[in-house]
Amino acid sequence: MKILVGYVPTAEGEAALDAAGREASLRGASVLLLNTSRGDAYIDARYANEAELETASAKLREHGVEVTIQQAVSNGDVAGELLKAAAAEDVGLIVLGLRRRSPVGKLILGSTAQRVLLESPVPVLAVKAPTPHDD
Amino acid sequence: MIALGVGSDLLHGFGTVLDPMNLLWAVLGVTLGMLVGILPGIGPALTIALLLPITFNFSDPIGAFIMFAGIYYGAMYGGSTTSILINTPGESASVATAIEGHKMALKGRARAALATAAIGSFVAGTISTVLLTFVAKPLGSLASNFQATDYFAVTLLAMVAVTALVGHSMVRGLLSLTVGLFIGLIGLDSLSGAPRYTFGSLRLLDGIDVVIVIVGLFAIGETLHVASKLRSTPDRPAVLEKGRLRTGYLTKSDWKRSWAPWLRGTALGFPFGAIPSGGAEVPTFLSYSIERRRARKKGRDEFGNGAIEGVAGPEAANNASFSGVLVPLLTLGLPTSATAAVMLAAFQIFNVQPGPQLFENNSTLVWTLIASLYIGNLILLIMNLPLIGLWVQVLKVPRPLLYAGILVFACLGVYSLSGSGYEVLMALVIGVVGFFMRKLDFPIAPVILGVILGPTMEEQFRRALVISNGDASVFFTRPLSLVIIVLTVLALFVPYLPRIVARLRGTQPAHQRLTFGEDD
Amino acid sequence: MSATEEVEAPKAADVEVEASRLVRIIAAIVLIVLSATFLVGVFDIRSPKGFDPAGPRFFPLLVTTAWLLFSIGYLIEGLRAPKTAKADGDRSWFEPVALSALLVLYALLVVPLGYLIATALLFFAVARVLGSRQLVRDVVVAVVLAIVVYVAFTRFLDISLPEGVLGL
């Protein structure tokens, strides 16, 4: 079995990473780390660079699990990219980081997490960043 | 004597610029220029063209020109920022910067690259503006001896030299130029009053406004071009160093390695800007290769790997060339780059005719403009280093919104020329032409120069013939005209120099053709 | 000349002729037809002195002739290009055509509808064509931008923009 973690180099991304590492070592699963950019802007801090990916996978290996890294530019559809990866591989659990948002902010921005929660065929674990600071 | 006169003129100019309202225009200009210029594919020429309508109803052209100087500096530095941070040079003058600058950014030295670019721009801008200050007026009085034949010859030289030096193919460059010249022909002939190529349309009698051509070719053409590539090839977003942007200014060794390239860049930029060679492309590339060669001689070959000299030199050359470009623009009314062509269009909107009489008739305006260059440089330095993180936010805006915004402003600019949708349609037609030119790798700058310089060239040509009673030999009997015409012919051969030299030496040429960047 | 020879080095890599050979040849033929038409059009220019160099016909004659010659040169360049030129690939035609259509609509509607409505619609439609998929955000940005531009230009910069049906 594999655990798919949607990773972004932010606090909630790190939280998701930790959760995925713990779950994977509990279940003896390997981790598929997916980092996606919407790809509609000229720059995107959520698209991890090599150093960040290296740190992330090292963190996972500390939990003693195997890591595969995937990066994708999603043409505006991050949720679809996650669901696609989940379907393509033998994924038993999706781990996501959630941003802390006010109800109004959520209304305006729409949510990747929401779509994954609604459409995922496998269980989804959603975690929040430990300290309550927004990015 | 001259120095004293210049001093008091300039002081007067500073007095005008330092008026709070004018300072506000300068700050606003730098801000807007930076915000628009930071977008990839959008250089200073387009930025000024897009922002022209803001000044349409200014009661006083001085405020407008102070703002244009600010916009130019902001847009130019915005281009460098994009080149360094995401390696998409907005115009050819930033291509050289992108090579080493982006490498530096990848190594976590983005801030140092941006700082050497900004400080180098300031140093070069200030020195070259001093040169402009002292050179402009004497050259202006020299130019007042120019006769119609000389004007014709020098206009021809400007068009041919830019076409020959910029772009990849001589045929395509010359085609662009003739299309521009043709657009310039449309409308009533200024000397005989005969309508030409108006196709029976009353709208075309006045000709096609150059602002429509610029906005159409650059803004709409570029947007259509980006749109055609948007779906299939989303750019991989370049990664920005986190947290590094606020720290890591120049170290002592950075200063030591930067100051000489700054000065050498200035020394290249100003004269190359002043002669008709297309503005900043040639000096920036020359500066890059000179710095690279010097580094190799010293045995320190960091080039290709993020050498700070490769950012410092070209950036200084880029900025210095603008003051150089202003020399023929102010003294002869001769634009030698796309940006200068837009500036000339702006002058004409305010009924100011650059040329030898400018210093007599609009002394306050000229000296205020020159003073605003000093101030603009300073504002750029003050505003950009601390606020760079803010400007970069623009690049995080999703591209659909960015380009929708650009189209809105493009339409606003052409609409407000006359207050009808007709101009928007005309700009769209020209924009479609610009789209195909990009697809087929035609240079854009020669079109703009053709549109702007064509009518002047024809007028001077015919005036010279009228004066000489139709004797065409006047162009060859006046020494100055003859020299310039010979230079024009030579300019056509410059791109083939490597091949010619190689053939003379009996060796294989290293490169088929000499090129300096793309158009802006 | 070695100093300038080196100049080309950084540039050579980003030379990219996007269009296939066929598109170039079609473009060359269009250019030839256009320039030939305009060359003939020189005779429609009213000129008391015929083709006198100081008259209004001489320059058009020169320009259109040069245009025609360079177009033929471009056709030859295209014909001699290798047949295996890089194909047009995955470039899309939908977006440029759709944007052009939107601009035509805008040109026709900006006066009757008024600047605010027409511009908000233009922004929204362009953003959608370019692939934006966040409905609420697109609408909000379109309306806010149109209002800001309208107010800034009519109230502060004294440039009149059409009021249209809103009559603001």
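Domain bounds, as used in these legends, come from an automatic or database domain assignment, and the model shown throughout is a predicted one.

**View 1. The two domains of chain C.** By that assignment, chain C is divided into domain 1, which covers residues 13-80, and domain 2, which covers residues 94-166. Between the C-alpha centres of domain 1 of chain C and domain 2 of chain C there is a distance of 37 Å.

**View 2. The helices of chain C.** Chain C contains seven helices and zero strands, and its pattern, when read along the sequence, is α-α-α-α-α-α-α. Chain C has 168 residues, of which 33% count as buried. When the contacts in chain C between residues at least 6 apart in sequence are considered, 64% of them join residues at least 24 apart.

**View 3. Where chain B meets chain C.** In this predicted model, 74 residues of chain B are in contact with 66 residues of chain C. On the side of chain B that touches chain C, the elements that give two or more residues include helix H5 (95-106), helix H8 (170-185), helix H9 (210-230) and helix H11 (281-297) of chain B, and, further along the numbering, helix H16 (399-418), helix H17 (421-439), helix H18 (445-467) and helix H21 (497-505) of chain B are also among them.

**View 4. Helix H16 and the residue types on the chain B side.** H16(B) provides twelve residues, the largest share of the side of chain B that touches chain C. Sorted by type, the residues of this side of chain B comprise 48 that are nonpolar, 16 that are polar and ten that are charged.

Key
Residues are numbered from 1 along each chain as its sequence is written. Chains are lettered from A and ligands numbered from 1 in the order in which they are written. This is a predicted model: local features need pLDDT of at least 70, side-chain atom pairs count only at pLDDT 80 or more; totals for chains, interfaces and linings use all residues. Helices (H or I, at least four residues) and strands (E, at least two) are DSSP runs, numbered from the N terminus. A residue is buried if 20 or more other C-beta atoms lie within 10 Å of its own, exposed if 12 or fewer, and partly exposed in between; C-beta atoms are placed from the backbone. Two residues are in contact if their C-beta atoms, placed from the backbone, lie within 7 Å. Ala, Val, Leu, Ile, Met, Phe, Trp, Tyr, Cys and Pro count as nonpolar, Asp, Glu, Lys and Arg as charged, and the others, Gly among them, as polar.
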